[in-house]
Amino acid sequence: MSELIQPIRGMNDILPDATPRWQQLESVTRAVLTAYGYREMRVPIVEKTELFARSIGEVTDIVEKEMYSFEDRNGEHLTLRPEATAGMVRAGLSNGLLHNQVQRLWCLGPMFRHERPQKGRYRQFHQVDVEAYGLAGPDIDAELNIMLARLWKALGVEALELQINTLGTPASRKEYRKLLLEYFRRHLDALDADSRRRLETNPLRILDSKVPETRAVVEGAPNLLEHLDAESAAHFAGFKKFLDDAGIRYRVNPRLVRGLDYYTRTVFEWVTTRLGAQDAVCSGGRYDGLVEHLGGKPTPAIGFAMGMERLVALMEDVQVPLPDSSPHAYLVRVGAEAERAGFKLAEQLRSALPGLRLLTDCSGGDFGKQLKRADKSGARVALVLGDNEARNQQVGFKPLRNTTEQVNISWEQAAARLAAWLE
Ligand code: HAM
């Protein structure tokens with residue numbers, strides 16, 4: 001026997017027992033997004049490497065060490081998308097969707113990052129990504145989060161905390177960066193190696209370091225919120241006011257800086273205490289400079305992405321009830337005539353009862369064997385067809401979940417009887 005090929009580390013199969021939960025997450029999300037005017041877009045999983053380097057930033061963890069990049073057969077440098085925002089902007093620009101327009105768009109699918117796999121952190125993971133273009137005011141920043149609060153409620157995962165911050169404009173951030181550099185240089189010895197490396201390239205990222213000795217230094221660092229330009233401060237105040245009006249609770253976290261370089265002003269994260277270290281189930285922010293940076297006209301933009309694996313885990317953890325997906329009815333056919341007639345009956349029933357989950361036994365064997373499988377399937381009723389019944393257009397109707405006796409009914413009555421039984 002040849003050796004089994006192993007799956008790739010950090011890339012999961014989502015098995016049939018798990019997909020009902022994913023489908024539930026997707027259908028609830030789709031309904032909420034549609035209710036707020038967001039339209040789905042489908043974009044490629046592979047883009048030019050340059051797109052991600054230019055959008056996410058050359059000196060971010062993602063671009064420096066996590067991308068799945070390769071040369072294709074024509075020597076083009078391509079990358080499996082590590083996130084969706086860059087591709088959404090690229091697609092918006094390629095198709096003339098962004099200039100002087102308001103667009104509310106979303107997409108869903110797998111993302112790829114070569115991170116160290118652990119619970120809640122994978123190399124292939126899935127995001128629902130939501131983006132709004134052409135809206136500069138803080139109202140859309142608030143509306144996205146009001147929509148998310150509604151989504152959490154609809155999904156049954158309400159114990160999430162919203163953390164918010166503002167990064168100001170690139171100009172005010174530059175000034176702040178200088179202050180931060182001075183401060184960290186004075187405390188160089190107390191920083192961990194990774195933070196020291198980041199000092200010259202991306203000192204803001206030191207603010208969200210998880211290393212205890214570095215955290216102690218960060219406590220005393222200058223606060224970005226005290227060095228904001230006036231317009232960013234007003235934008236942030238407006239954002240908070242709208243959230244207050246809507247009764248959305250939040251915590252201002254001045255250390256929230258995000259791992260992608262394209263953000264300006266508002267950033268936010270919804271976190272949970274129920275999943276361990278990987279606590280962010282949804283994160284995003286404003287990125288007013290990115291469209292222009294990728295060759296378009298200046299266009300305000302804001303969005304977020306939800307980690308679907310983390311949301312599924314959270315729904316499992318709080319035991320959100322799942323709709324029943326076991327078959328309603330199980331068709332047993334014994335004998336050559338019954339086997340052929342059974343398909344006819346099954347199709348009649350499916351036409352008469354949209355939404356009916358009817359499983360036909362195609363494994364063969366006598367009545368006893370098939371009825372055992374019917375029972376195991378979780379079906380509520382077995383429809384039992386032998387050659388005699390088939391000839392007379394009759395069928396045995398056998399409830400499986402109580403002691404009601406099997407009765408013979410005509411094919412004509414079968415749909416009505418099933419409907420009444422399944423109510
Ligand atoms: P991000 O924070 O890199 O932002 O990812 C968003 C979410 O994806 C995270 O909050 C987390 O739930 C999930 N996630 C990230 N990495 C992993 C992983 N390795 N395994 C499992 N889940 C993960 C972005 O991707 C931005 N594009 C969000 C955005 C959209 N900003 C504006 N528009």
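Select H2 together with helix H4 (residues 85-94) in this predicted model. The axes of these two helices come within 9 Å and cross at roughly 110 degrees. H2 and H4 are therefore roughly perpendicular to each other, since angles of 65 to 115 degrees are placed in that class. Display the side chains next: from H2, show Leu-51, Phe-52 and Ser-55, which meet Ala-86, Gly-87 and Arg-90 of H4. Sorted by class, this contact of H2 with H4 consists of three nonpolar residues, two polar residues and one charged residue.

**Second stop: a pocket**

Keep H2 on display and turn to the second largest pocket, whose volume is about 480 Å³. Which residues are the closest to the centre of this pocket? Select Arg-173, Leu-260, Asp-261, Tyr-262 and Tyr-263, which hold that position among the 23 residues of the lining. Now colour the elements that give two or more residues to the lining: helix H2 (49-56), helix H6 (170-186) and helix H10 (290-293). The largest share, four residues, comes from H6. By class, the lining of the second largest pocket has ten nonpolar, six polar and seven charged residues.

**Third stop: a cavity**

How many cavities of 30 Å³ or more does the structure hold? There is one. The largest cavity contains about 50 Å³ of space. To find the largest cavity, select the residues that line it: Val-59, Thr-60, Asp-61, Glu-64, Arg-197, Arg-198, Thr-201, Asn-202 and Arg-205. Helix H3 (61-66) and helix H7 (193-201) should be coloured here, as each supplies at least two residues of this lining. H7 gives the most, with three residues. Colouring the lining of the largest cavity by class shows one nonpolar, three polar and five charged residues.

**Fourth stop: a proline in a loop**

Select Pro-300, which lies in the loop between H10 and strand E11 (301-307). Add Gly-134 to the selection and draw a line from C-alpha to C-alpha. Pro-300 and Gly-134 are 166 residues apart in sequence, yet 5.1 Å apart in space. What else does Pro-300 touch, if residues up to four places away in sequence are not counted? Its contacts are Ala-132, Tyr-133, Gly-134, Leu-135, Ala-136, Arg-286 and Asp-288.

**Fifth stop: H1 and H11**

Proceed to helix H1 (residues 19-35) and helix H11 (residues 308-317), whose axes come within 10 Å and cross at roughly 110 degrees. That angle makes H1 roughly perpendicular to H11. To see the contact, show Arg-21, Trp-22, Gln-24, Leu-25 and Glu-26 on H1, and Met-308, Glu-309, Leu-311, Val-312, Met-315 and Glu-316 on H11. The residues of this contact of H1 with H11 fall into six nonpolar, one polar and four charged.

**Final stop: H12 and H15**

Finally, select helix H12 (residues 336-352) and helix H15 (residues 411-422). Their axes come within 10 Å, and the crossing angle is roughly 45 degrees. Is H12 parallel or oblique to H15 at this angle? The angle makes H12 oblique to H15. Rotate the view until one helix lies in front of the other: H12 passes H15 in a right-handed crossing. Then display the residues of H12 in this contact, namely Ala-341, Lys-344, Leu-345, Gln-348, Leu-349 and Ala-352. They meet Trp-411, Ala-414, Ala-415 and Leu-418 in H15. By class, the contact of H12 with H15 has eight nonpolar residues, one polar residue and one charged residue.

Definitions and conventions
Residues are numbered from 1 along each chain as its sequence is written. This is a predicted model: local features need pLDDT of at least 70, side-chain atom pairs count only at pLDDT 80 or more; totals for chains, interfaces and linings use all residues. Side-chain values use heavy atoms; hydrogens and water are left out. Axes are lines fitted to C-alpha atoms, for helices over the stretch in contact, and angles run from 0 to 180 degrees between N-to-C directions. Angles under 35 degrees count as roughly parallel, over 145 as roughly antiparallel, 65 to 115 as roughly perpendicular and the rest as oblique. A crossing is left-handed if the near helix is turned anticlockwise from the far one by less than a right angle, and right-handed if clockwise. Contact means heavy atoms within 4.5 Å. Ala, Val, Leu, Ile, Met, Phe, Trp, Tyr, Cys and Pro count as nonpolar, Asp, Glu, Lys and Arg as charged, and the others, Gly among them, as polar. On a 1 Å grid over the protein atoms alone, a cavity is a set of points where a 1.4 Å probe fits but cannot get out, and a pocket is an open set with protein on both sides within 12 Å along at least five of seven lines; lining residues have an atom within 4 Å of a point. Grid points are joined across faces, edges and corners, and a volume is the space filled by probe spheres set on the points.
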